[in-house]
Amino acid sequence: AARHGPHGAVAHSVPVSPVDPGVPESFEELVAAHREWRAAWEPHGARRVAEDELRRLQAQRRDAERCRAAYERRKRIEEEKERERARKERELRRREKERAAAARYEARWGALLESLAAGTETESEKEAAGQREKLGFRDVPWPMVSQPRAPEDVRPDKVTAFVLSAVHPGETPREKIRNALKRWHPDRFGRLWSRVREEEREAIEEGVGIVARCLSDLLERESQ
C-alpha cells in the first residue's frame, strides 16, 4: 500500500522477506536444532568408534596369536633339543655301561681260564686250591650287563643285547654269536664243572642252558 512521505511524496512499503527455515531464529531453536543433530548423528559416530575399537582389538588379537605361535614354535624346538640331548646322554651312559660290563666280563673269563690252565703241582695243592676257588652262581661271568642273582634272571633278550653289542669282538652278528658259543656251548663249559660248588651246580647248569639255547637260536636265525 502507498503512503505519503513527509514532503508529500508517495512512499511504498518494502515487503519483509520470510525467515529461512534452516536458520534458527532464537537461542531456544538453536538448542533444539543441536539436539536434533546429535540425535541423528551420534549413533553413526558411536558405531564408527565401536568399529574402530573392534578393528583395534582384532589386530591386537592377531598380534597376540602370532606371538603365541612363535613362542610355541620356539618352545617345541627347545623341547626337542632337550629330548635329543637327554637321549644322547642316555645312549652315552648305556654304551659306557656296556663297555665297562664287557671289560669285566672279558677280565673274569680271562682270569677263570688262566686259573684252569695254570694247574698246581700236587694233588693236595689242587684240592686246597679247588676249595678256595670253587665257583658259585654269582661267580660265573654271565653274558649280561647286569649280572643275574639266580637262573630266572638270565633272560634271552638281555643275553642277545649283550652278545650283539658293538663292544664285543666280531664284525658281524654271526661272528659275535660264534665267539660267544666257544664259551657257552655245554661241551665247552664242561671244563669248568670241576670248579663248581656242588650245591650251586643245578642253578649254574640251568643258567648255562638258557644262554646256550639263546645263542643257538640266534645263530640259526642268522643262518637263514
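A residue counts as buried when its relative accessible area is under 20%. With that cut-off in hand, Ala212 is easy to place: its relative accessibility is 7%, so it counts as buried. The model looked at here is a predicted one, and Ala212 is a handy way into it.

Start with the overall layout. The protein has 6 helices and 2 strands, and along the sequence they run in the pattern β-β-α-α-α-α-α-α. There are 224 residues in the protein, and buried ones make up 23% of them. As for contacts with a separation of 6 or more, 61% are between residues 24 or more positions apart.

Much of what follows is about the inside of the protein. In soluble globular proteins, nonpolar side chains tend to be buried together. Here, the largest nonpolar core has 30 residues. Inside this core, the residues with the most contacts are Trp142, Trp184, Phe189, Ile204 and Leu215. Two or more residues each come from α1, α3, α4 (173-184) and α6. Of these contributions, the largest share is that of α6, with 9 residues.

Helix α6 therefore deserves a closer look, since the largest share of the core comes from it. Take Ile204, one of the residues with the most contacts inside the core. Setting aside neighbours within four places in sequence, Ile204 is in contact with Leu135, Gly136, Phe137, Val140, Trp142, Phe189, Trp193 and Val196. Val208 also has its place in helix α6. With a relative accessible area of 4%, Val208 is under the 20% cut-off and so is buried. Apart from residues up to four places away in sequence, Val208 touches Trp142, Trp184 and Phe189. These three are among the residues with the most contacts inside the core.

Back to Ala212, which lies in helix α6 as well. Not counting neighbours within four places in sequence, Ala212 is in contact with Leu181, Trp184 and Pro186. Trp184 thus turns up in the contacts of Val208 and in those of Ala212. Arg183 gives another way to relate these two positions to the rest of the chain. The C-alpha atoms of Val208 and Arg183 are separated by 9.9 Å, with their positions 25 residues apart along the chain. For Ala212 and Arg183, the C-alpha to C-alpha distance is 9.2 Å, and they are 29 residues apart in sequence.

Next comes the pairing of α6 with α3. Two packed helices are described by the angle between their axes and the distance between the axes. For helix α3 (residues 156-163) and helix α6 (residues 201-223), the axes come within 10 Å and cross at roughly 60°. The crossing is right-handed. On the α3 side the contact is made by Pro156, Val159, Thr160 and Val163, and on the α6 side by Ile210, Val211, Cys214, Leu215 and Leu218. Sorted by class, this contact has 8 nonpolar residues, 1 polar and no charged ones.

What about α3 on its own? Val159, Thr160, Phe162 and Val163 are buried in this helix. They lie on the same side of α3, because the arc they cover around the axis is only 165°. An α-helix has 3.6 residues a turn, so residues three or four places apart point the same way.

Finally, there is Glu98, found in helix α1 (residues 27-118). Is Glu98 buried or exposed? Its relative accessible area is 13%, so Glu98 is buried. Leaving out neighbours within four places in sequence, Glu98 is in contact with Val145, Ser165 and Val167.

Terms used: Residues numbered from 1 in each chain as written. Predicted model: local features only at pLDDT ≥ 70, side-chain atom pairs only at ≥ 80, totals over all residues. Heavy atoms only, no water. Axes fitted to C-alpha atoms, helices over the stretch in contact; angles between N-to-C directions. Helix = DSSP H or I, 4+ residues; strand = E, 2+ residues; numbered from the N terminus. Left-handed = near helix turned anticlockwise from the far one by under 90°. Contact = heavy atoms within 4.5 Å. Nonpolar A, V, L, I, M, F, W, Y, C, P; charged D, E, K, R; others polar. Buried < 20%, exposed > 50% of the residue type's maximum accessible area, 1.4 Å probe, protein only. Arc of directions from axis to C-beta. Core = buried A, V, L, I, M, F, W, Y, C linked by side-chain atoms within 4.5 Å.
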